[in-house]
Amino acid sequence: MEEPILSVQDLSVGFSSRQGSQTVVHHISFNVFAGKTLAIVGESGSGKSVSSLSIMQLLQKGKAFFETGKFVINASAMHLQGEGEVVISPDNELLESLRGKGISMIFQEPMTSLNPVMRCGEQVSEMLRKHMGLNNEQAKQKTIALFEEVKLPRAAEMFDQYPHQLSGGQRQRVMIAMAISCNPKILIADEPTTALDVTVQKEILQLLKSLQLSHGMGIIFITHDLGVVAEIADEILVMKRGQVVEHGQAVSVLSNPQHPYTQGLLACRPALGKKVDRLQTVEDFLNKEKINTVKSSGIRTSENFVEIILSVKNATKTYTSQGGLFSKKSKDVNAVNDVSFEIRKGETLGLVGESGCGKTTLSRMLLGLIPATSGQIIFNGKDITALDKAGLKAMRKEMQIIFQDPYSSLNPKHTIGESITEPMMVLGLHASQQQRKAKAIELLSKVGLGAEHFARYPHEFSGGQRQRVVIARALACEPSFIICDESVSALDVSVQAQVLNLLNELKQDFQLTYLFISHDLGVVYHMSDRIMVMNKGVVEEIGTCDEVFFHPKSEYTQRLLNAIPGRHSV
């Protein structure tokens with residue numbers, strides 16, 4: 001029988017604070033095998049990242065403590081002296097010596113993981129000099145070879161680039177190159193694809209699998225996305241509130257989940273080709289109130305919506321990039337290029353495409369936040385491109401946006417009540433502050449919060465609750481049209497289902513029209529009546545959900561669809 005590289009046994013982790021100590025990981029055990037991938041799945045706060053950081057000894061000393069547990073390490077496999085097994089406690093300093101060479105880690109957000117003032121190549125070379133004893137030239141050549149291995153374009157040029165000069169996918173490849181630079185036997189990947197487009201995500205998953213094959217690494221893959229798990233995992237460990245609720249082979253867990261929590265995680269993901277009025281949530285399963293999903297009434301098309309609320313005609317946004325130090329030549333770049341489409345009152349138009357395709361630029365143009373270079377944007381009969389400052393202010397009462405990140409969308413120094421009543425005051429809505437407060441409390445109730453939340457600050461809320469506050473703030477202006485810009489991509493799948501259900505309920509209650517922007521094609525399919533696909537500033541195609549998803553006209557659309565994680569798996 002194959003021996004594991006690492007065996008984690010009965011691990012319990014706690015944290016100390018002024019309020020006392022709290023255990024956050026309770027008696028978990030698992031094995032990591034060479035050439036195999038263990039996926040640890042669960043919502044935020046489930047303990048999956050704390051478990052992996054324990055292995056890396058990256059938990060804050062003095063705050064974190066280990067109640068129980070031991071690690072059993074295969075000595076020869078992990079470059080340790082001797083053979084057989086080495087049994088150590090979780091706080092043994094030997095683990096720290098394994099960082100980089102024996103065990104390495106990739107984090108979720110490469111922009112914050114890389115040093116912004118160091119060239120990318122130097123950051124990898126530093127690892128090689130420190131852990132492998134290479135000189136400067138050897139480290140540089142090895143780094144360029146690693147960049148080629150992780151399929152970075154123009155590897156030699158990339159050596160001298162800074163992180164801000166690279167795309168998100170390229171930065172993640174640099175992180176992977178750094179992680180495998182010392183040929184570790186275990187690679188921990190903590191949500192490495194969450195912030196990436198679906199096509200880039202697929203490329204990174206394929207890269208990790210190919211590197212695992214060539215290096216024989218064991219991988220611990222941490223995620224909340226079960227679609228991604230279907231693509232990469234051999235074994236799945238499901239965690240909830242610090243405890244393991246299910247553990248088994250990936251095929252078995254995904255096809256026949258035993259625990260209600262696992263069943264809920266799988267059920268709350270929107271399914272392609274199956275429109276439902278309401279997504280199931282984890283709570284439905286945990287409370288033993290498993291609901292029957294109700295199919296929507298057929299395919300809805302533009303024929304169901306008559307009145308045009310927004311008409312975009314030949315809209316173009318051109319940016320001019322300045323020449324470099326030794327070149328005076330400038331270059332015009334069309335971020336949005338001759339785009340035309342209509343949105344009808346009461347419908348949801350989904351907008352998809354990779355980063356850089358022009359989605360965000362277009363949405364800012366619709367709101368008048370970025371002036372169009374040419375073309376017309378007509379909202380409720382008025383051309384936004386021709387409005388003055390006063391006209392734009394009046395128009396913005398009718399048009400609002402819900403941003404991706406609820407953390408940065410709210411002022412941390414303002415209470416929730418202040419954040420919601422401020423736009424009412426700016427736009428002159430309601431006669432008094434007392435009336436505005438009453439309206440804010442009414443909106444909080446609409447989004448599933450209460451009057452007791454009015455005086456609290458953003459840091460006192462979870463990510464899902466903060467997004468509900470942002471939605472309430474958007475509704476405070478009494479708009480008819482809302483742009484949802486990646487408004488659920490930062491949320492766990494279970495919280496995501498709750499927010500998507502909420503958005504659909506509010507759409508009916510307030511007679512809203514949505515432009516729904518997302519890189520998650522399953523979510524777009526669930527939410528939208530029609531879908532528009534953008535690529536490099538132009539519209540590739542537009543049609544009903546079923547037309548675009550099951551009969552795509554564009555090769556680009558087909559490539560996006562083929563990249564959906566788990567689409568061709570269990």
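Visitor: Leaving aside neighbours within four places in sequence, which residues is proline 257 in contact with?

Guide: Contact means that heavy atoms lie within 4.5 Å. Counted that way, and without its neighbours within four places in sequence, proline 257 touches Glu246, Ser252, Thr262, Gln263 and Leu266. This is a predicted model, in which local features need pLDDT of at least 70 and side-chain atom pairs count only at pLDDT 80 or more, while totals for chains, interfaces and linings use all residues. Residues are numbered from 1 along each chain as its sequence is written, and side-chain values use heavy atoms, with hydrogens and water left out.

Visitor: What average pLDDT does the protein chain have?

Guide: pLDDT is the predictor's confidence in each residue, on a scale from 0 to 100. The protein chain averages 88, and 93% of the residues score at least 70. Over residues 292–299 pLDDT stays under 50, and the model has 16 contacts for them beyond four places in sequence.

Visitor: Where is proline 257 placed, and is it buried or exposed?

Guide: Helices (H or I, at least four residues) and strands (E, at least two) are DSSP runs, numbered from the N terminus. Proline 257 is in the loop between helix H10 (250–255) and helix H11 (260–267). Buried means under 20% relative accessible area, exposed means over 50%, and partly exposed is in between (1.4 Å probe, protein chains only). Proline 257 has a relative accessible area of 16% and is buried.

Visitor: How many residues does helix H19 have, and what distance does it reach?

Guide: The expected span of a helix is 1.5 Å times one less than its number of residues. H19 (residues 493–510) has 18 residues and reaches 25 Å from its first C-alpha to its last, close to the 26 Å expected. Of those 18 residues, 13 are buried, so H19 is largely enclosed by the rest of the structure. Just after H19 comes glutamine 511, with a positive phi of about 55°.

Visitor: Which residues of strand S18 lie on each side?

Guide: In a regular strand the side chains alternate between the two faces of the sheet. In S18, Thr513, Leu515 and Ile517 are on one side, Tyr514 and Phe516 are on the other, and all are buried.

Visitor: Which strand joins S18 over four bridges, and which pairs with it over five?

Guide: Two strands pair if DSSP finds at least two bridges between them. Strand S13 (residues 348–352) is joined to S18 by four bridges, and the two run parallel. Here threonine 348 stands opposite tyrosine 514. Strand S17 (residues 481–485) also pairs with S18 in the parallel sense, over five bridges, with isoleucine 483 opposite leucine 515. The chain crosses from S17 through H19 to S18 in a right-handed β-α-β crossover. Right-handed means that, with the strands pointing away from the viewer, the path from the first strand over the helix to the second runs clockwise.

Visitor: In what order do the four strands of the open sheet stand?

Guide: The order is S2-S1-S4-S5, with antiparallel pairing. Strand S2 (20–32) and strand S5 (85–88) are the edge strands, each pairing on one side only. Strand S1 (residues 6–17) pairs with S2 over nine bridges, and serine 7 has asparagine 31 as its bridge partner in S2.

Visitor: Why is helix H13 described as largely enclosed?

Guide: Seven of the eight residues of H13 (residues 359–366) are buried, so the rest of the structure largely encloses it. Among them are Lys359, Arg364 and Met365. Glycine 368, which follows H13, has a positive phi near 75°.
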